[in-house]
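Good morning, and thank you for coming. In the next few minutes I shall describe one protein model, beginning with its pocket and ending with one of its helices.

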Amino acid sequence: MRRAVCPGSFDPVTRGHLDIIDRSARLFDEVIVAVLVNQSKQGLFSVEERIEILREVTKNLPNVRIESFRGLLVDYCRDNDAQVVVKGIRAVSDFDYELQMAQMNIGLSGVETLFMPTNPLYSFVASSLVKEIAKWGGEVSSFVPELVERRLLEKFRDVGTA
């Protein structure tokens, strides 16, 4: 079985993320979307909320599974018998960082990295920018699925910013 991991924080998941997940699902027998648990960083959405949202917006992809992980990505890949990490690349600046990670991962464990260029429609979309736009009441529907847009509005209404 050809299994790949699409890791990330997905805080929140964007249409760019979903494009990479969808394209990966067409290439591999199984794709694990692995939500990174970073205890030193407070996200807008909890890990549990991100998993719930991802499960809902990928429910049309039967070979995609959503999980969380902490620690080294290569250990997670080894524990889940995943031979490939799929990373979306938006710009050259992404590539510089991701190349170092890919070289480290293959050196540590033999796990390969597949760089997938982002669809040009989403090349400028970043979760941090989406959160900033939503925080100030801006329109984000072209960047995120409807569920994510609703959840962003709820989050910022709860904290009194939007």
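Let me begin with a definition: the helices and strands I shall name are DSSP runs, a helix having at least four residues and a strand at least two, and they are numbered from the N terminus. Please also keep in mind that this is a predicted model.

We turn to the largest pocket. It holds about 1,400 Å³ of space, and 50 residues line it. Several elements give two or more residues to this lining, among them β1, α1, β4 and α5. Which element supplies the largest share of the lining? It is α4, with 8 residues. By character, the lining consists of 25 nonpolar, 17 polar and 8 charged residues. Nearest the centre of the pocket lie Pro 7, Gly 8, Ser 9, Phe 10 and Lys 87.

Two of those names appear again in a database record. An unreviewed UniProt entry places the feature "binding site" at Ser 9, Lys 41, Leu 73 and Lys 87. The lining of the largest pocket includes Ser 9, Lys 41, Leu 73 and Lys 87.

Let us consider Ser 9 and Lys 87 in turn. Ser 9 sits in the loop between β1 and α1. Beyond its neighbours within four places in sequence, Ser 9 contacts Val 35 and Arg 50. Lys 87, for its part, belongs to strand β4. With the same neighbours in sequence set aside, Lys 87 is in contact with Pro 7, Glu 98, Thr 113, Leu 114, Phe 115 and Met 116.

Is Lys 87 buried or exposed? A residue is called buried under 20% relative accessible area. Lys 87 has 18% relative accessibility, and therefore counts as buried. Ser 9, at a relative accessible area of 37%, is partly exposed.

Finally, I come to α5 and the loop before it. Phe 124 lies in the loop between β5 and α5. Residues up to four places away in sequence aside, Phe 124 touches Leu 129 and Phe 143.

Within α5 itself, Ser 127, Val 130 and Ala 134 are buried. Why do they lie on the same side of α5? They cover an arc of only 60 degrees around the axis, which puts them on that same side. As a general rule, an α-helix has 3.6 residues a turn, so residues three or four places apart point the same way. After α5 comes Gly 137, whose phi is positive, near 80 degrees.

Technical notes
Residues numbered from 1 in each chain as written. Predicted model: local features only at pLDDT ≥ 70, side-chain atom pairs only at ≥ 80, totals over all residues. Heavy atoms only, no water. 1 Å grid on protein atoms, 1.4 Å probe; cavity = no way out; pocket = protein on both sides within 12 Å on 5 of 7 lines; lining within 4 Å. Points joined across faces, edges and corners; volume = space filled by probe spheres on them. Nonpolar A, V, L, I, M, F, W, Y, C, P; charged D, E, K, R; others polar. Contact = heavy atoms within 4.5 Å. Buried < 20%, exposed > 50% of the residue type's maximum accessible area, 1.4 Å probe, protein only. Arc of directions from axis to C-beta. UniProt positions renumbered as here; feature names shortened; annotations may be inferred.
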